[in-house]
Amino acid sequence: MTAATGYAPRRTLPLRVEIVRQFKRRRTLVMFGLLLALPWILVIAFQFGPQGAGQQGAGQQQASLRISDLASASGLNFAAFVLSVSASFLLVVAVALFCGDTVASEASWSSLRYLLAAPVPRDRLLRQKLIVALGYSATAVICLPLMALLAGTLAFGWHDIQVPGTGETIPALDVLPRFGIVIGYALVSQLVVAALAFLISTVTDSPLGAVGGAVGLWIVSTILQAVEALGTLREFLPTFWNTAWLDALAPELDWSGMAKGASVSVTYAAILIAVAFRRFRRKDVVS
Amino acid sequence: MKRVAALVAVLALVGVAVWGIWPSAPEVRGQEQRISVVDGPADDQRVELDTTFFAPPDGGKAPAVLLAHGFGGSKQSVRLQAQRLAQDGYAVLTWSARGFGRSTGQIALNSPDYEVKDVKQLIDWLAKRPEVRLDAAGDPRVGIAGGSYGGSIALMTAAHDSRVDAIVPQITWSDLADALFPDATGQGPENGVFKRMWAGFFFGRGGGPIQGLEALTRQPEPLSAEEARCGRFLPAICDIYQQVAETGKATPEAVALLRQSSPVTVAGRVKAPTLLIQGQRDSLFPLGHADANARAIAAAGTPVSLAWFDGGHDGGNGEADWLHDQTTAWFGHYLKDDGSAVARPFTVTRDGGRDPGTRQRIRLHPEAASYPGLGGTATTSVTLSGPEQPVVNPPGGAPASISTVPGVSGLLGGGGQSNVSVSLDMPGQSASFESAPLTTPLQLTGSPTATVKVSGKGQVTLFAKLFDVSDSAQPPTLPAGLVAPFRVTIPEGQSSVEATVTLPAVDHAFAVGHRLRLTVATTDMGYATPAEPASYQIGLASPALTVPTVSALAAPATGVAWWVWALPLASIVVAAIVLATGRGRSRSGGDPAERAGEPGVPLEIIGLTKAYRNGELAVDGLSFRVEQGQVLGLLGPNGAGKTTTMRMMMGLIQPDAGEIRIFGDPVSSGAPVLSRLGSFVEGPGFLPHLSGRENLELYWAATGRPTADARFDEALEIAGLGKALERAVRTYSQGMRQRLAIAQAMLGLPDLLVLDEPTNGLDPPQIREMREVLKRYARDGRTVIVSSHLLAEVEQTCSHVVVMHRGRLVSTGPVSVLLSEAVPTNGHGPRLEDVFLDLIGDKS
């Protein structure tokens, strides 16, 4: 009898358990509350802000319409706007929080060692935690635009989407699958943040260090991206293709940018996650 | 983390250093030189040309490039280009053409008698330079490049001098008469409509518009009477210009004079491989001119390539870098023989939308293996419809429609980011015929043709243009802002005439849902139109608009970059390698089965060694053994290695050497046998936001074992937390957490229980209780290991002890034996405390 009766490594730390362990955290609840409230805050801002700028812009048919000018044109436009303002930072923080916190917080609570001694095999512990963290991240990325769609539709109505730039309209029903693509791409492009935060999370005992480290490196990448002198090298920065989802809302769907973005994102994510597993396997857990 | 940060810092430093010491391009110095040439029909006019010679920076003999400037410019306007070319390893000569800059002489419009003779003598001069590679004595390896006026001298010289080895003429004319008096019905310049604004700029003294903004900001200099009249033109040219500009009609003499300066007449003699680069936004020398040159040169069997780029006299992007690359590739191939891949016979710059990353406009350069001409490789017939419509020519020709304003569009267009212009038609002056919305996209490449019917009287001047009309509220766009002027004469006695109009050559994509609109107007601001008021009827003679397409160009849709697929696949391979090589290092000790331990021994430690990072040994060759039913006290001062040993028992840290066996199984991280171990080491570890009960329940759920095996009730009784069990753990006191953690360790009543300082934070009654619990626990055949500082505690609780000091085992055995061996002191029986202090050699 080498193991206790009823023990089987593949039954340890079921996803359900990990979901419950993470869900009741104040951090999780606050982040979801923020993501769900943000569209309503923006709706209020658009409703009560000085009339003019936004409204006029939509009516004027200027040569190039900005996405923010069109936000109050329809629920779909509003959702696209909300996504565009939050994808570059808010969602990054949310994803970094869920993935960066997951192992580091266990280390800081000392509960990690009891899980490992339970024993939950290390690979399995990481795998289950990664799945749950990615699940929470995906939920965050999905629920923001969906809530924005709901809020925008209630506030501005269900109209055809007006494309930024040319001002062309695309029928609302045609654009719904495109919206799915947008959300899908947003998910894939956040994989890098997730993987980076996850890697740092397995290295450090400080949950905020992991989140901050991931967000910090993200910011550095964004800054590097602004250096034109880097030329095509910039295409391989993880943040470079962040806004490629805008192509899905163009009159003609262009996959090339999103394909490149997804490629870069998956590449970084695969390597970072592999390194995370490798490090954690050999790590001496001393916290 | 620190190592990662250091790595990032090192990489950044390396990057900066490489950037700093990267060899910068060698400095190129220009050598000013005045070169005397003799030209004129009788070779009797001496002219001083102001030149600058840029020797190749790395010495040796290099091919030479003559770089010519545009109209109104001078050698200074091509200085940067010249330096760039010289850095690429050419001997570059720039010069101010006669009549420009500081050169003497008068402008003869690249006449074979004047400018061409000058350039031939520049080639003579180059042949004498030591830096220039020679094909034969007096015959240097030389290419000529230049734009507009400079492009035509390249063509003219190549036609007249066989020593020229390659040319890259840009945005230049083939027939100057046709450029200034275009006629879209093909009846030649004598019937053409005077391109009055461009002609005015061209013959005006400064050539202002070609200079762009500089022309607007430059301080005007006062002129002499002759200068004001003719600038620096040859008087003969000046007189003819004044005559045609006044009448708006090309006289045969004017056509003859302009033809003299036109490459089209001599292009068949060009033997130098020619790369013609023509602007898509050029109402002065539209694409048709490059077409005529290309056909004439190709007819003689000379290699010729044609590129339509995003630029021209009306602005556009200019694509300076792309042009430079194309030029150097052409010269590299034909002058240096370095095997550069040269432009395919036909290249078109197209709008590639916005770069998804930078949101900047990008340009694509689709190519075709042969040049199809302006008629395309295929044609699509688009049906236009519209009734006959009355139009008027306003008295005085004003107000006039606006399509392109020469010299201004380029400035106002903000660099002409897009390839379309907005044009303005005056009401009542135009007739329009529209197609149905397109059901498939239509890529027009070349000159569409349409046949119109004009009813009225006498000579009629008209302007045809093809608009792209989208369905939304966007105004229609006129591709490249180009119009096709034509003049028809309605014969006496007839009421109407039909004319086939060749519309301007453009490359334009009509999207699905857009319509094509043919507009025929009576006026255009850029052209001379009759002053007399008149009215006509304009209709379609045939509803078909023939649209040329070049499908070979559509092919180079770049597809996805190779790395889009390769990178993720490679990364997955790398990830797999990273994981495979990282799989638990097999420690020395060989096959575990070979040294199978005894399943009945709860704990056996053999030669266990673990070093701190600094190399100091935390545990040093520790060996001991615990039998079933023992309550073992693990004793030792701080830093003795107790906790490290316990962590190794839990598989949290890997020993450097030695082995731990629990019930005969070697311990490693996640070893299944750990499920028989309950542990509490170095304080509790709970999720603070959950209640005590939830913590225990979730912990047990995480082990994946059946709930019934947990024995929650017994564990909770030990914790003794009462109602506090339902509160969040973060509200607990130290003692409460301690008790909850011990309860957690006892969940499922493990066969081996390891407790580190279990009595910390407990009050005396609880300590007593705990003592009983542990004794009872061991009595049922289980084993307990307790580490403690409280020696009295250990003495009362434990049956056996292990004493450690500085990572080594000092003593082991039953408590009773240890005590009995000790010498009684101070008159009473031996205490464990004394034994312990004695053992670690710290007895005071």
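**Notes on the two-chain model**

1. Confidence in chain A comes up here at the start, as this is a predicted model. The mean pLDDT of chain A is 86, and 92% of the residues reach at least 70.

2. Where in chain A is confidence lowest, and where is it highest? Helix H3 (residues 53-60) of chain A is at the bottom with a mean of 41, while helix H9 (residues 191-203) of chain A is at the top with 94.

3. Have a look at residues 52-64 of chain A as well: pLDDT stays under 50 over that stretch. For those residues the model has 12 contacts beyond four places in sequence. Where pLDDT is low, the predicted coordinates should not be read in detail.

4. On the surface of chain A, Leu15(A), Ile19(A), Phe23(A), Leu29(A) and Ile131(A) make a nonpolar patch of about 400 Å². Which helix gives the most to the patch? That's helix H1 (residues 15-23) of chain A, with three residues.

5. Leu29(A) sits in helix H2 (residues 26-48) of chain A. With a relative accessible area of 42%, Leu29(A) is partly exposed, and patch residues need over 30%, so Leu29(A) clears that cut-off.

6. Now chain B, which has 24 helices and 38 strands. Chain B runs to 844 residues, and 53% of them count as buried. Taking contacts in chain B between residues at least 6 apart in sequence, 75% join residues at least 24 apart.

7. As for the outside of chain B, the accessible surface is about 35300 Å². Carbon and sulfur atoms account for 55% of that area.

Note on methods:
Residues numbered from 1 in each chain as written. Chains lettered and ligands numbered in written order. Predicted model: local features only at pLDDT ≥ 70, side-chain atom pairs only at ≥ 80, totals over all residues. Heavy atoms only, no water. Patch = residues over 30% accessible without salt bridge, like charges linked within 9 Å, V, L, I, M, F, W, Y side chains within 5 Å. Areas by Shrake-Rupley, 256 points an atom, 1.4 Å probe, with all protein chains shown as cover. Salt bridge = Lys/Arg side-chain N within 4 Å of Asp/Glu carboxyl O. Helix = DSSP H or I, 4+ residues; strand = E, 2+ residues; numbered from the N terminus. Buried < 20%, exposed > 50% of the residue type's maximum accessible area, 1.4 Å probe, protein only. Contact = heavy atoms within 4.5 Å. pLDDT = per-residue confidence, 0-100.
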